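Work through these exercises with the sequence and the 3D view side by side. Try each task before you read its solution.

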Amino acid sequence: MARREDIKLNYTITAALVVITALTLIPLFIMFYTSVKAEGTLTKKVSEIVVASEAGHAGIPFTAGGKGSVIWSGRLNQDIRKFSRLEFMWKPDGSRDLEFGLVDALGRSSFVAVSKYADAKKTDWQKITIPVGDFDLKGLDARNIEDIAVASGAPASGTLYFDGVTLRLKKVTLINYADVLVSGPFGRYFFNSFIISLFITFGNIIFCSMVAYSFARKEFPGKDILFLLIIGSIMIPPQVLMVPMFSLMKNIGWLNTYWALIIPALTEPFNIFLLRQYIKTLPKDLEEAALIDGANEWQVLFRVVIPLSKPALAIVGINTFMGSWNTFLYPFLLTNTTEMRTLPVGLALYKSLYSVDWTHLMAASSITAIPVIIVFLCFQRYIIAGLTQGALKG
Amino acid sequence: MKKIAALLSLLVLCGGYNACFAKEERTVVTFWQLSVKEDVMRSMIKEFEKDNPDIKVDVQILAWDFGFDKIVTSIAAGNAPDLCELGSTWVPTFATGGALADVTGSLSGIKDKYIFWEPLTYQERLFGAPWLVGTRALFYNKDLFRKAGLDPETPPGTWAELLEYSRKIEALGGGVHGFGIYVGEPYTPWQLFLPFAWSNGAEVLSPDFKKPLIDSPEFMEALYFYDLLKKYSVKDRQAQVNQAFAEGKVGMQISGEWNLMLIPQNNPGLDYGVALVPRPYIGKGEPVSFAGGEVLVIFKQSKHQQQAEKLMKFLIREDNIMKVVKSQKNVLPSSKESIKDPYFREQHKQRVFFEQMLAARAAPGHPAWQKIEEDLTRAIEEVVLLNAEPKAAIDKAAARITKVLAVKKSKAALSDRAVYSLFAAVIFLIAAAGYIWQRLKGAAGPRKEKFRFKKAAGAYLFISPWLVIFTVFGLFPLIHSVIISFSDYNLIESSFSFVGLANYFNVLADPNFHKALWHTIFFAVGTVPFTTAIALFCALLINRKVPFKQLYQAGLFLPVVTSVIVIASIFSYIYSPDGLLNSFIDKLRIPAGGGSYLQLLHRPEPSWLLNTALALPCIMAMCVWSSFGYYTILFLAGLQSISSETYEASSIDGATWWGQFRYIILPQLKPIMLFIVVINSIRSFQVFPEVFAMTQGGPLGSTTTVVYYLYELGFHKFDMGTASAVGYILFLFIMGFTLIQLKIFKFGESVG
């Protein structure tokens with residue numbers, strides 16, 4: 001059936017779509033990618049930290065202290081959990097019995113013997129790699145490791161030769177997510193956002209279908225003016241309504257309640273408008289047939305119109321869920337306690353005034369984005385469900 | 001107004017829920033703050049509550065995003081906290097507005113132990129306590145110093161050295177710049193420049209605030225110096241310069257303590273130093289820097305002033321301030337004694353900041369400073385971005401500031417009777433709009449059939465959920481805000497007097513509003529057709545029989561879930577002077593062996609987002625790119641209602657691709673197309689977050705849209721009356737525009 005040109009055209013179209021899709025996905029990709037970086041910004045990745053580059057090249061002579069007496073230390077001030085391994089160049093001299101270690105802000109430390117990682121036969125410069133996991137971090141504050149230190153493993157004297165002490169960052173880490181999630185009662189924030197979004201989404205699907213059906217198919221006095229009011233209410237800049245809305249909620253005692261966040265959002269004009277327009281594109285035959293068969297208006301709505309409107313309802317669902325899940329301004333204005341915070345409000349506390357901690361900020365953004373993505377993936381098959389064809393054939 | 005509110009509240013309360021607070025013996029003091037991390041603050045509050053068993057502190061951490069708006073909104077609604085953190089520049093405005101409690105008495109004993117009182121003093125009374133302060137010091141990149149043959153341990157001490165070092169570092173090339181100058185946003189340009197003028201002995205305003213002194217020789221000398229320095233500087237917004245410095249691309253910058261956190265986070269390996277800012281000449285002038293800070297204020301509305309004062313004094317106690325300083329690491333204490341703290345002995349860079357703080361100054365405490373700073377920023381941007389002659393730019397700014405200083409606030413009080421006439425006016429307007437609408441409709445097509453009452457009742461039942469919710473939560477705030485738009489309503493003072501249509505006339509006469517309206521129209525007209533066309537095109541492609549439909553669908557839609565900040569940051573990078581777009585242009589230009597038209601492509605000066613002609617189109621491109629996927633999905637849903645038989649039938653009839661599109665797809669898609677065009681237009685006319693995140697209305701106001709203008713007016717200049725008037729002018733404008741669109745699409749008559 002398909003002609004050669006058609007196949008060729010389809011290939012071109014597929015290729016074009018793949019390119020467009022890839023282009024639009026870049027920001028999402030950058031967001032997720034940054035959120036699993038150990039350090040860096042949206043556009044820059046850091047892979048290592050040089051702690052000391054020249055300190056021990058010429059050699060640091062030391063005399064016999066006790067076991068564990070510190071010979072050299074370098075300032076680090078880092079969260080050690082971000083790193084995968086410690087690397088440096090080392091030249092054995094006299095005593096091979098040296099230990100490298102991490103010291104936290106309170107002076108607690110953890111050491112490992114260098115000899116375990118060294119080539120015993122070599123006497124010249126050699127590269128030592130110690131996995132961070134080999135340090136016993138249990139008693140330490142791993143978030144605030146202040147110094148890297150070299151100590152003698154046994155009472156001995158000699159010269160310490162080392163160079164290029166470098167900490168390699170992990171390529172991929174979930175630590176940013178962990179940091180964000182322990183910074184507040186995120187279980188509660190999730191719960192609040194979820195409850196609010198759920199009610200608003202289902203409320204909109206049902207109520208907006210009713211309202212839209214009425215506007216699309218029925219005749220009643222004042223219909224056009226009321227419909228213009230619906231569109232008109234989208235046109236008022238929300239900034240103008242902030243103060244009146246706040247004082248209204250204060251006067252009816254709804255500050256810091258779920259009601260204030262759910263009830264006003266149950267019939268979004270946007271959804272009514274969208275559904276009305278969609279229902280208008282549906283063929284009337286089915287509804288008329290159902291009415292002739294003795295169905296009442298509610299049955300027509302729920303048995304005929306709503307199933308036919310699945311593509312639009314899927315969009316209403318996704319859109320409403322996304323909107324209520326991400327909404328920041330009203331939850332922020334109208335709630336006052338930690339218990340009532342929604343996810344975006346909780347995450348906004350992660351931003352500070354001037355400096356942007358990109359890795360954590362992106363982890364926070366990803367945490368908000370993931371549920372929306374899941375909801376989208378669940379609903380999306382209805383968008384191109386193609387139910388109409390089947391229904392009309394019957 | 002109050003009666004309506006009371007009636008409404010009664011109605012709704014019948015339905016049943018009231019946040020009920022358990023009666024407690026202890027006095028509850030509410031405290032809102034932004035700076036201190038939650039855990040640190042909670043542990044301090046616990047200690048306070050232990051010492052004061054009769055007080056319970058309800059502490060709320062506000063987010064920096066819109067945190068200020070929340071404070072303002074709450075004050076306006078009479079719901080302000082007892083104690084609150086406030087940026088120091090806002091204090092004069094709040095104090096003159098009469099919103100703050102006088103705390104002179106309770107602080108008199110401890111005043112000598114603290115710095116940073118100037119911004120808190122108004123008419124010799126104190127309106128708050130200094131808490132956490134901050135200043136700007138010189139950051140210099142030691143690696144770049146070495147590369148440029150400079151001594152990495154001797155930062156520049158004078159202006160001449162600063163200029164010379166910048167020149168040498170700039171000469172290294174490779175995208176490296178000598179110094180960083182802030183432009184393209186409202187606050188930082190003057191904050192960076194003023195200290196140069198102050199160092200040279202210049203002042204912005206005369207001591208009595210009667211006239212500007214910015215045309216003094218000292219001030220001009222500083223600006224001419226700045227004009228020289230710009231040659232060796234990267235010109236960008238502060239965050240971008242900070243970022244570039246952290247990435248090792250800028251030799252020197254004058255910036256705040258937050259960089260001490262930012263640099264290790266973004267580029268831990270950077271070898272840099274911190275020093276006092278340079279002074280004009282050896283032996284002349286002081287190394288004066290800019291001081292800002294967070295202060296604690298008590299609102300007059302507070303019913304627990306004594307308890308709030310107790311908490312305030314507790315929080316500014318030296319040991320408590322140091323707790324915050326040590327945990328935040330990006331602020332300085334306001335207590336003088338803290339210099340002895342071991343923290344400053346160990347943290348050398350922090351110590352430099354503390355020393356700089358002692359020679360730092362805050363912005364003049366003029367209540368209209370928000371307007372004066374706007375004029376300063378404009379003059380600086382004209383010099384830096386447009387290469388204006390400094391003297392000319394300053395003369396213009398001086399004239400503007402003189403005007404601002406001359407304005408005396410006049411209260412035109414109208415009787416409350418006006419409320420009722422206004423209600424009548426509103427209803428009349430709605431009726432008139434309805435009448436015009438009916439006429440328009442009547443002209444469009446034949447009259448519809450007569451209604452049957454029963455049928456209509458059923459229809460009303462179906463729309464009742466919207467009707468009820470809209471009446472309570474839509475109409476009431478709407479009418480309230482319309483009334484605000486007819487009054488002189490200052491959010492801070494909560495003063496409310498009717499001025500009739502004065503706000504509307506003022507707005508319509510304001511050249512800044514004309515500019516904003518023009519930008520908005522330009523934005524809408526420049527984005528809506530593109531977005532719609534691209535979206536329709538993509539939807540048609542996906543709707544063909546191609547593999548992986550769901551993949552494209554997801555791929556096009558999901559960018560919508562990415563927050564505006566992420567998209568704005570990525571695009572800021574693309575548009576930055578060393579960003580993707582410029583390097584792309586450079587690449588294109590290389591292969592040109594001769595008269596290729598590609599040679600015409602140039603890197604814009606100074607950069608994409610700082611060029612007054614290009615900034616808005618840049619944001620528009622971003623908006624088209626980030627929103628077309630969303631509309632693609634809407635089109636795709638719309639296409640599903642066209643049955644496959646229709647396609648097949650037309651194919652058999654031998655319809656061409658264009659014929660199918662023109663005669664089958666387009667008519668069927670009309671309702672959805674109307675929806676997309678209307679919604680997209682409304683959103684474009686209301687564009688705000690993108691502007692806020694990308695340019696904050698700059699450079700030189702070239703991206704200020706109507707809603708941004710409105711936001712500045714309402715929430716930064718506190719003139720909510722005028723802001724609301726702007727909102728309704730925009731509303732009428734969008735309404736007119738939409739009615740035209742509906743007319744074009746023959747709304748109501750076309751389908752069904």
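**Exercise 1. Find the helix that holds Gly323(A), and say how exposed this residue is.**

Step 1. Locate the residue. Gly323(A) sits in helix α10 of chain A, residues 310-326. Helices here are DSSP runs of H or I with at least four residues, strands are runs of E with at least two, and both are numbered from the N terminus.

Step 2. Note the ground rules. This is a predicted model, where local features need pLDDT of at least 70 and side-chain atom pairs count only at pLDDT 80 or more, while totals for chains, interfaces and linings use all residues. Residues are numbered from 1 along each chain as its sequence is written, and chains are lettered from A and ligands numbered from 1 in the order in which they are written.

Step 3. Count neighbours. Gly323(A) has 18 other C-beta atoms within 10 Å, so it is partly exposed. The cut-offs: buried means 20 or more other C-beta atoms within 10 Å of the residue's own, exposed means 12 or fewer, and partly exposed lies in between, with C-beta atoms placed from the backbone.

Step 4. Look across the fold. Ser197(A) is 126 residues away from Gly323(A) in sequence, yet their C-alpha atoms are 8.3 Å apart.

**Exercise 2. Decide whether chain A is a compact globule or more spread out.**

Step 1. List the parts. Chain A contains 14 helices and 9 strands.

Step 2. Compare the radii. The radius of gyration of chain A is 32 Å, while the globule rule gives 21 Å for 394 residues. The radius is taken over C-alpha atoms, and the rule is 2.2 Å times the number of residues to the power 0.38. The value for chain A is well over the rule, so the chain is more spread out than a compact globule.

Step 3. Check the spans. The C-alpha trace of chain A covers about 105 × 70 × 30 Å along its principal axes.

Step 4. Add the domains. Chain A is split into domain 1 (48-170) and domain 2 (177-393); such bounds come from an automatic or database domain assignment. The C-alpha centres of these two domains of chain A are 56 Å apart.

**Exercise 3. Describe the side of chain A that touches chain B.**

Step 1. Count the residues. In the contact, 109 residues of chain A meet 117 residues of chain B. Two residues are in contact if their C-beta atoms, placed from the backbone, lie within 7 Å.

Step 2. Find the main contributor. Helix α1 of chain A (residues 4-35) gives the largest share of chain A's side, 13 residues.

Step 3. Sort by type. Chain A's side holds 69 nonpolar, 28 polar and 12 charged residues. Nonpolar covers Ala, Val, Leu, Ile, Met, Phe, Trp, Tyr, Cys and Pro; charged covers Asp, Glu, Lys and Arg; the others, Gly among them, are polar.

**Exercise 4. Test the length of helix α17(B), then find its buried side.**

Step 1. Work out the span. Helix α17 of chain B runs over residues 390-406, which is 17 residues. The expected span is 1.5 Å times one less than the number of residues. That gives 24 Å, and the end C-alpha atoms are 24 Å apart, which agrees.

Step 2. List the buried residues. In α17(B) they are Pro390(B), Ala393(B), Ile394(B), Ala397(B) and Ile401(B).

Step 3. Explain the pattern. These residues cover an arc of only 90 degrees around the axis, which puts them on the same side of α17(B). The arc is that of the directions from the helix axis to the C-beta atoms. An α-helix has 3.6 residues a turn, so residues three or four places apart point the same way.

Step 4. Look at both sides. The buried residues of α17(B) pack against α9 (217-229) and α16 (369-386) of chain B. Exposed on the other side are Ala392(B), Ala399(B), Lys403(B) and Ala406(B).

**Exercise 5. Describe how domain 1 of chain B touches domain 2 of chain B.**

Step 1. Set the bounds. In chain B, domain 1 is 134-291 + 362-406, and domain 2 is 503-591 + 600-744. Their centres, over C-alpha atoms, are 36 Å apart.

Step 2. Count the contact. Domain 1 of chain B supplies 14 residues and domain 2 of chain B supplies 15 residues.

Step 3. Name the elements. On the domain 1 side, β8 (233-236) and α16 of chain B each supply at least two residues. Helix α16(B) gives the most, with 5 residues.

Step 4. Sort by type. The domain 1 side in chain B has 4 nonpolar, 4 polar and 6 charged residues.
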